[in-house]
Amino acid sequence: MSQGLLHKYASLLPVTDQTPRLTLGEGATPLVYAEKLSDRIQAHVYLKLEGLNPTGSFKDRGMVMAVAKAKEEGASAVICASTGNTSASAAAYASKAGLSCFVVIPHGYVALGKLAQAMVYGADIIPIKGNFDQALQVVRQLSEKHPISLVNSVNPYRLEGQKTAAFEIREQLGRDVDIVALPVGNAGNISAYWKGFKEAHQVQMISKTPHMWGFEAEGAAAIVKNKVIENPDTFATAIRIGNPASWDLAVQAREESQGDIDDVTDEQIREAYELLSAEEGIFCEPASASSVAGLLKKANKGQVPEGATIVSVLTGNGLKDPTTAMDSINQELEPISGDEEELTKLIFKHQEV
Ligand code: F0G
């Protein structure tokens, strides 16, 4: 039986006897070796498949902690702003914990699968005519005035739960990692990983901390450009964020880890997204592919140390965004009669079988 992260890492988390041991079976996601990608960039690349968490994204690690603490503190409702995954995760854990859930989202910019999840889990969905940054601002204000627990990553419990991914990578790999590459949106994830690696180092779980490499979408690259982007724009809607809440923590992660935060274009993200499915058999969502896009960009510039051990975090499942998936294929499906002769002709037209 899956006992979840709060049980497994209780001694490394702010878990007390009063904390409900909430779980949907989060964590313990696969770490898969990517042969072709490794060949391409002359390093050893492992993909951390965070899209295999219970709601299909990495958010479940931090959300289980935040919702358990909200429950422990007697809250009856949680609220978040979201580009989609946070809302799906909050809605699921709120449902499990018996809390109400309100989600505020940028209207028209949340992928279909994520929207469907939040709705089916029973959250109250409030779309706004604005972007994620505006949604976050308004939920922060509201949660200060009313007894509704804010479960965005500005809630420190989110980063606490999220940091468990760093412990898990060490356990799965059985050795230290040189570089961790991941997408950056609101910048909670990179901050949490860095916290996790630093703590793992303190308790001698690892002998050295990795360099953190974060990648923003070019049209939403606030940290890279060192300025707030008023109208962030990228087809990777999960990271369409112009004023990341954990900006300072992400910069700290970059500095302390001697890492880097760089940007990738939508075209580079799309190429990585297609390459992952065509060559590695992995279907992730566009924002997730920005970590691989970033690795490829750095490899092209000769900036990937040869033979380095790299973990690239694929934050969300490809099924979250079926619209982008179908657009990327751009193929109309025409049914045939189902007759064997016709089928044989069609199959042998394209290739020798
Ligand atoms: N990848 C995916 C699939 C995401 O959903 C997000 C953020 C990120 C990467 C970036 O992580 O914000 O910690 O830097 N999604 C948030 C949401 C903003 O509302 O679901 P971050």
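How do α8 and α9 lie to each other: roughly parallel, roughly perpendicular or oblique? α8 and α9 are oblique to each other, and the bullets below fill in the rest. Bear in mind that this is a predicted model, where local features need pLDDT of at least 70, side-chain atom pairs count only at pLDDT 80 or more, and totals for chains, interfaces and linings use all residues. Residues are numbered from 1 along each chain as its sequence is written, and side-chain values use heavy atoms, with hydrogens and water left out. Helices (H or I, at least four residues) and strands (E, at least two) are DSSP runs, numbered from the N terminus.

**α8 against α9**
- Helix α8 (residues 164-173) and helix α9 (residues 188-202) have axes that come within 7 Å and cross at roughly 55 degrees.
- Axes here are lines fitted to C-alpha atoms, for helices over the stretch in contact, and angles run from 0 to 180 degrees between N-to-C directions.
- Under 35 degrees counts as roughly parallel, over 145 as roughly antiparallel, 65 to 115 as roughly perpendicular and the rest as oblique.
- The crossing of α8 and α9 is right-handed (the near helix is turned clockwise from the far one by less than a right angle).
- On the α8 side A165, A166, F167 and I169 make the contact, and on the α9 side Y193, G196, F197, E199 and A200 do (contact means heavy atoms within 4.5 Å).
- Sorted by type, the residues of this contact of α8 with α9 are seven nonpolar, one polar and one charged.
- In that sorting, Ala, Val, Leu, Ile, Met, Phe, Trp, Tyr, Cys and Pro are nonpolar, Asp, Glu, Lys and Arg are charged, and the others, Gly among them, are polar.

**α9 against α11**
- α9 also packs with helix α11 (residues 247-256), at an angle of about 45 degrees and with axes 8 Å apart.
- That angle makes α9 oblique to α11.
- The crossing of α9 and α11 is left-handed (anticlockwise instead of clockwise).
- I190, S191, W194 and K198 in α9 touch L249, A250, Q252, A253 and E256 in α11.
- The contact of α9 with α11 splits into five nonpolar, two polar and two charged residues.

**The six-stranded sheet**
- One open sheet has six strands in the order β1-β2-β10-β7-β8-β9, with mixed pairing (two strands pair if DSSP finds at least two bridges between them).
- Its edge strands are β1 (31-33) and β9 (260-264), each pairing on one side only.
- β1 and strand β2 (residues 44-49) run antiparallel and are joined by three bridges.
- L31 sits opposite K48 in β2.
- Helix α12 (residues 266-280) packs on this sheet, and its direction makes about 90 degrees with that of β9.

**The four-stranded sheet**
- Another open sheet has four strands in the order β5-β4-β3-β6, with parallel pairing.
- β5 (124-128) and β6 (149-150) are at the edges with a single partner strand each, so one side of each has no neighbour in the sheet.
- Five bridges link strand β4 (residues 100-106) and β5 in the parallel sense, and F102 has D124 in β5 as its bridge partner.
- Helix α6 (residues 132-145) packs on this sheet, touching β3 (77-81), β4, β5 and β6.

**Salt bridges**
- The whole structure holds 18 salt bridges (a side-chain nitrogen of Lys or Arg within 4 Å of a carboxyl oxygen of Asp or Glu).
- One of them joins E171 and K8, at 2.8 Å, N to O.
- E171 belongs to helix α8 and K8 to helix α1 (residues 4-8), so this pair ties together parts 163 residues apart in sequence.
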